[in-house]
Amino acid sequence: MNRDQGFSVDSFVPRKCSATNRLVSAKDHAAIQINIGGVDQSGRYDGTYRTYIISGKVRACAESDDTLNRLATRDGELKNVWSYQR
């Protein structure tokens, strides 16, 4: 697709799974995208958000809740929720 200025614009932008860094295909109907809103010191939404994309393969293995906890803990959104267990 071409814009009026002459440069091409793709109509589909591929997404990557936040857990596995694999591309999420357009046919992966089990994939989800979750936006977690940022809050200030008083607990009010400050207009920022962090996006996590979980592929259908991770969800099929029943690992999406653990993955989301791990990613949010890594980014500082959660504390003392996820711990590595062998």
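Is R74 buried or exposed? With a relative accessibility of 58%, R74 counts as exposed, a word used here for residues over 50% relative accessible area, whereas buried means under 20% and partly exposed lies in between (1.4 Å probe, protein chains only). The structure is a predicted model, in which local features need pLDDT of at least 70 and side-chain atom pairs count only at pLDDT 80 or more, while totals for chains, interfaces and linings use all residues. Residues are numbered from 1 along each chain as its sequence is written, and side-chain values use heavy atoms, with hydrogens and water left out.

R74 also leads into the charged side chains, for it forms a salt bridge with D75 in which the closest N and O atoms are 3.2 Å apart; a salt bridge is a side-chain nitrogen of Lys or Arg within 4 Å of a carboxyl oxygen of Asp or Glu. Salt bridges that share partners join R50, R74, D75 and E77 into one network, and the structure holds three salt bridges. R50 meets D75 at 3.8 Å, N to O, and because R50 lies in strand β4 while D75 lies in the segment after α2, this pair ties together parts that are 25 residues apart in sequence. Helices (H or I, at least four residues) and strands (E, at least two) are DSSP runs, numbered from the N terminus. R50 also forms a salt bridge with E77, with the closest N and O atoms 3.2 Å apart. R50 is partly exposed at 34% relative accessibility, as is E77 at 32%.

Strand β4, which covers residues 45-54, also contributes to the interior. The largest nonpolar core, a set of buried Ala, Val, Leu, Ile, Met, Phe, Trp, Tyr and Cys residues joined through side-chain atoms within 4.5 Å, has nine residues, among them Y52, I54, V58 and L71. Its largest share, three residues, comes from β4. If neighbours within four places in sequence are left aside, L71 is in contact with S18, A19, Y52 and I54, where contact means heavy atoms within 4.5 Å.

Helix α2 also holds T67, which is buried, with a relative accessible area of 7%. Beyond its neighbours within four places in sequence, T67 is in contact with A19, I54 and V58, and its side chain reaches the backbone oxygen of E63 at 2.7 Å.

Notes: Polar contact = N/O pair within 3.5 Å; in protein donor to acceptor, adjacent residues only side chain to side chain.
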